[in-house]
Structures are given as structure tokens and as C-alpha cells.
Amino acid sequence: MDGFRHSNSKLYERACALLPGGVNSPVRSFGSVGGVPYFVSKAAGAHVWDVEGNRYVDYVQSYGPGILGHANPATVRAVSEAAGEGISYGAPTEKEVLLAEELCARVGGLEMIRLVNSGTEAVMSAVRLARGATGRDKIVKFAGCYHGHSDALLAAGGSGVANQGLSGCEGVTAGAVADTVVAPYNVVPEIDDDTAAVLVEPVAANMGLVAPADGFLEGLREACDRVGALLVFDEVITGFRLDSGGASEFYGVRPDLWCFGKVIGGGLPIGAFGGSRELMSHLAPLGGVYQAGTLSGNPLATAAGLAVLAQLGSGAYKRLELLAERLAEGLEKAFASAGASAVAPRVGSLLGLFFCADPPRNFDEAQAVASNGTYPRFFHGMLQRGVAFAPGPYEAVFLSTSHTDADISATITAAEEVAREVLAESA
Ligand SMILES: Cc1ncc(COP(=O)(O)O)c(C=O)c1O
């Protein structure tokens, strides 16, 4: 088969010789599930093919950007056209204005944004802005939430930080985290007037999927208002995925600052943070909080983002939610019919998968389930049957509008077989 000339294990060997762990982002390694990662050679819609020619139904979707599936034709066209007009200018463009207009039109209260190159940059910059605007130092984050890899925010992080068994991170100085307070998710923390910001994933999607308990987000809003702290929603995953306006619209709770990424760049590197005109005016060149980027607002990334958002109307969100509902029910039933426990908590089209009876409510509970040893067996059983979930128990399951009912049915059939296999092994 043309183009499928390699073997995963040989490429992995070459990769490991030159790239630490063979990957450029730890979450892609098979560190927590064991074995050799598949190396992708191409992708289309709901599917990826590895270099050996194996096809997988893909629930990774680049960890979120692929909301329309891979190689979405309108996005590919927009990116190629943009590339033909020049790849980066170092001067403002119309597409940056159009993307800002589109984002602000969808999210109530979002009045101004700054485009950056990743979710990490978005959150890191939002924290700097919060500190600059309030004149305070302390930030509160929640255990199991992942906000990218900036020093101050790695403490008790979910996703790859948890996946690799790292409790914190070597190389992060005590000074860098001295003003970071970590609280348990789903409990409104006591905060006082030295707090600059409370930073939260409104739906925690980096410790598996943990939904906010009733009143949690409202409680954070009240606590922040009481002491004059800023509430920051990290919507890098939930933004424009949960709903047209993201989690703040979905739950009807408005933060002071939003952070975005993933979906808004359609797979090209991008991030954004924003808030009210008054708050955003603290940013240079208007104010004294410096933030910058050679490639920020890149013409290819903005072209891709605009093409993706143009296809994300109410029909797309309804379809995503229906697919998610079928998948969540199917996975739970597959395990129940084999006599094993699995729960697939779902918010909109975002879902998680835990091998236990009741959905975890915080990181301690998620960790206890993740360490029960079932996930690696589930993961490899599914991969052998042509279905790719993330290689770690702390990631969300990402659906796209390209997934079909047939993809979901094939996934559920595979899960039924894997559930019986897992149970037989445990017996
Ligand atoms: C909620 C959240 N915030 C921030 C980030 C960091 O984004 P990036 O990987 O683009 O730097 C991620 C990445 O997965 C995320 O899930």
C-alpha cells in the first residue's frame, strides 16, 4: 500500500534516539498504557491511519481541535488559500479582526481578545493580566485541572502531568509556585482579598471528565465578587465545543477572563484570552501588562479558525451531542452486559470514561479509579480492534461531526468484546 512503508516500532526506535520519549508532547507517549505508539501517516474525517496502514476510529482528534474531524475540506481550502497569500507578516490582518468579531459575537460578556499561539500561552498571559489588573499575586487553581505547562500552573495538574505520574514538575522553582494555591475541584474555596484570580476548567476535562457540581461555578463567581478577585474560565477545551458560546453560555455563569485554544484554530497553533474592554485595556500597547508573539494571529491559524467556526451552527452541536449520548450509553451498556462497571459522564458532546460505578467528583477520586489498572487493557483491546482512544486515563473522549452512526456502532461492538476480555482476565 503506497505511503504505508514504515513500521511503528522501527519509527519509534528512531524517534526515541532523537526525541525524548520518542514524542514532542508527553501525553502522546504510551507511558501509562505500555507498548509502542502508532505513528500517524494520514487522517480524514473520523479516522486516522498509521504508517503500517492500520485504520482507527479516532477519539483523540488532536485532543480537541478536530471538532469537524480531520482534513475538513473547507478548512483545508482556507488554509491553502491563506498560505498562497503569505504565511506570516508581522503586521495586522483582516482575518484577526474577523476572528475576534466571531468569538466575541458568540460569547456574552467577551468584549476584547488577544490571539496567541497555544492554550498554555493563553492561560499564562491571562494570569499575568489578572495580577497586573488587580495588583495582587495569589492565584487559586484546582487539583486535576490542567492549564498548560507554564511554571505557576503545573502544580497538581491533570492530563499528561498526572499521566506520567508527576506530582509536580522538576525545574519549577519554589518561587514560581509560591503564589499558587491548589484547592479540590467542586468545593468553593475560602479566598481573601490577596487573591488575584481563581482559575478553573468549568468542566474538568483533564482528569477524565468531571462535571461541575450544582452551584460550584456560581459559588466561585460569588466568592470572587466578594473579595474583588477575577474569575478565569479556562475554556481551551470547552470553548466552542460544549456549545456555540462555550461553558459560560452553557452554564450561564460569566467569568472575568476567558482562555481559548484548540477549536478556534482548527488544528493550527493558536490560543486566545479575553474579557471586558476595561480589563483588556491593561494589556500593552494600551496598558502596562506586556504580552507579545512573533506568530500571534497567524494568517493560516486564523483562516482555519474562521473556516471551522463558520461550520459550527446549532445543527453541528445537536449532532455532536446525539453522537456523544449514543457513545456514552453504548460504552456503559457494553461493560454492564459483561458484568463490569464503567461510567461515561457526559456534558454536551464532551465525555469521559471511568471504570467504576459512580463518576468521580474530584482529582482524588479520579486518580483512585485511574490506578485500578483497567484503562490500559481497555485501551489496547480497542486499539487492536481499530478504535483509538487517548493513551491515558485522564483524557476526555473527543467526538467530531465526521463520526458516523456506523463508527459509534463499531466502537460499541468492540467495547463489548473488550469488556468480556477484561473481565475474563480479572477472573
Ligand atoms: C484546559 C486546558 N488548558 C490549557 C491547555 C494547554 O493548551 P496547549 O496544549 O495548546 O498549550 C490545555 C491542553 O490540553 C487544556 O486542556
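Q: What makes strand β5 (residues 138-142) mostly covered?
A: In this predicted model, local features need pLDDT of at least 70, side-chain atom pairs count only at pLDDT 80 or more, and totals for chains, interfaces and linings use all residues. Residues are numbered from 1 along each chain as its sequence is written. A residue is buried if 20 or more other C-beta atoms, placed from the backbone, lie within 10 Å of its own. Four of the five residues of β5 are buried, so the strand is called mostly covered.

Q: How do you know that β5 pairs with strand β7 (residues 195-200) and with strand β6 (residues 180-183)?
A: Two strands pair if DSSP finds at least two bridges between them. Three bridges join β5 to β7 and four join β5 to β6, therefore both count as pairs. Each of these runs parallel to β5. V140 stands opposite V198 in β7 and opposite V181 in β6.

Q: Why are K95 and E102 in α3 said to meet residues of α10?
A: Residues are in contact if their C-beta atoms, placed from the backbone, lie within 7 Å. K95, E96, L98, L99 and E102 in α3 meet P299, T302, A303, G305, L306 and L309 in α10. The contact divides into six nonpolar, two polar and three charged residues, where Asp, Glu, Lys and Arg count as charged, Ala, Val, Leu, Ile, Met, Phe, Trp, Tyr, Cys and Pro as nonpolar, and the others, Gly among them, as polar.

Q: What makes a residue part of the shell around the ligand?
A: Its C-beta atom, placed from the backbone, lies within 6 Å of the molecule. Sixteen residues surround the ligand, the closest being S118, G119, T120, G148 and V236.

Note on methods. Two residues are in contact if their C-beta atoms, placed from the backbone, lie within 7 Å. Helices (H or I, at least four residues) and strands (E, at least two) are DSSP runs, numbered from the N terminus. A residue is buried if 20 or more other C-beta atoms lie within 10 Å of its own, exposed if 12 or fewer, and partly exposed in between; C-beta atoms are placed from the backbone.
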